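Me: I'm new to reading protein structures and would like a close look at one part of this one. Could you pick out a helix and walk me through what packs against it?

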Amino acid sequence: MEEVLLYAIVGILVGISKGGIGGPVPVALTVPLLTLIIDPQIAVALVLPLLIFADVFALYFYWRQWDRHYIALMIAPGLIGVLLGALVLDAIDATTLKRLIGGLTLLALSFKIASDRLASLAYQPRIWHGYFAGWASGFGSTLANVGAPPFTAYLLLQPKMTPRRFVGTTTLFFAVMNLTKVPGFIALELFDYDRLLSIAWVFLLIPPSVLVARRLIDHINQQVFEWIMMIPLAALSVYLLFSG
């Protein structure tokens with residue numbers, strides 16, 4: 001019963017995040033939650049099909065509203081990050097991966113908290129900043145679904161980045177990253193197909209979660225919701241970081 005509840009929560013978190021509520025924070029919760037009941041490598045791979053399914057809805061809502069310049073700048077480094085992330089995911093043991101997930105998630109939380117203050121910084125854009133943000137996002141996304149914070153931080157510092165363009169660019173970038181992970185995960189035999197089939201019902205929770213999020217997005221305080229999500233995320237990250 002506990003497993004069923006956790007899987008349901010994961011599906012809902014993916015849906016509300018792709019629907020626009022809470023940004024990347026709800027998705028960042030999914031892998032730490034699943035590591036409470038399954039091996040971390042399996043957890044990372046198990047969430048991927050859910051994200052790809054949800055990406056279809058997000059792309060529909062923000063189709064062609066992305067910024068081509070930043071997509072072109074960060075896609076190639078992001079793909080390199082995905083490749084390196086998959087190799088690391090396959091090479092390390094479960095305990096080390098748990099601690100790495102915990103550490104990366106705490107780092108992502110720090111990025112998230114700092115990003116709220118980035119707009120006030122005197123920033124001089126550099127091409128390599130985009131390369132690094134793309135690489136870090138692809139790498140973090142592959143290891144623990146925490147790739148959004150460096151990507152978000154970089155975009156927030158760019159001039160004339162409207163909210164809709166920001167969301168559209170983020171949506172397309174991570175949709176490409178998620179699809180790119182699939183061949184590597186298959187080659188490294190990270191997918192647990194039997195378990196994935198057993199939780200196929202979770203996919204049914206994603207469309208209504210996306211739609212509910214779209215309806216509520218203008219009626220809730222985003223910052224309050226994000227902080228509500230970040231508190232258990234921080235607690236889970238500390239647990240993973242120090243658990244054996």
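What follows is a walk around one helix, with a look at the whole chain before it.

Reply: Sure, let's take helix α3, which covers residues 40-61. Keep in mind that this is a predicted model.

A bit of background helps. The protein chain has 11 helices and 0 strands, so to speak an α after α pattern from the N terminus on. The C-alpha atoms fill a box of roughly 50 × 40 × 30 Å along the principal axes. For 244 residues, a compact globule would have a radius of gyration near 18 Å, and the chain's 17 Å agrees with that. Buried residues make up 52% of the chain. Also, if you take contacts between residues at least 6 apart in sequence, 85% of them join residues at least 24 apart.

Now to α3 and its first partner in this tour, helix α8 (residues 163-187). The two axes come within 9 Å and cross at roughly 145°, and the crossing is left-handed. On the α3 side, the residues in this contact are Val44, Ala45, Leu48, Leu51, Ile52, Asp55, Ala58, Leu59 and Phe61. On the α8 side they meet a set that includes Arg164, Thr171, Leu172, Phe174, Asn178, Lys181 and Phe185. Sorted by class, the contact of α3 with α8 has 14 nonpolar, 2 polar and 3 charged residues.

Next comes helix α1, residues 2-18. Here α1 and α3 pack at an angle of about 35°, with their axes 9 Å apart, and this crossing is right-handed. From α1, the contact uses Tyr7, Val10, Val14 and Lys18. From α3, it uses Leu46, Leu50, Leu51, Ala54, Asp55 and Ala58. By class, the contact of α1 with α3 has 8 nonpolar, no polar and 2 charged residues.

Put the two lists next to each other and look at Leu51, Asp55 and Ala58 of α3: they take part in the contact with α8 and also in the contact with α1. Val44 is among the α3 residues that meet α8, while Leu46 is among those that meet α1.

If you'd like another helix to look at afterwards, try α7 (residues 148-156), which is mostly covered, with 8 of its 9 residues buried. Among the buried ones are Pro149, Pro150, Phe151 and Tyr154. As for the outside of the chain, about 11800 Å² is exposed, and carbon and sulfur atoms supply 68% of that area.

Terms used
Residues are numbered from 1 along each chain as its sequence is written. This is a predicted model: local features need pLDDT of at least 70, side-chain atom pairs count only at pLDDT 80 or more; totals for chains, interfaces and linings use all residues. Side-chain values use heavy atoms; hydrogens and water are left out. Buried means under 20% relative accessible area, exposed over 50%, partly exposed in between (1.4 Å probe, protein chains only). Helices (H or I, at least four residues) and strands (E, at least two) are DSSP runs, numbered from the N terminus. Axes are lines fitted to C-alpha atoms, for helices over the stretch in contact, and angles run from 0 to 180 degrees between N-to-C directions. A crossing is left-handed if the near helix is turned anticlockwise from the far one by less than a right angle, and right-handed if clockwise. Contact means heavy atoms within 4.5 Å. Ala, Val, Leu, Ile, Met, Phe, Trp, Tyr, Cys and Pro count as nonpolar, Asp, Glu, Lys and Arg as charged, and the others, Gly among them, as polar. The radius of gyration is taken over C-alpha atoms; the globule rule is 2.2 Å times the number of residues to the power 0.38. Accessible areas come from the Shrake-Rupley method with a 1.4 Å probe; for residues, only the protein chains shown count as cover.
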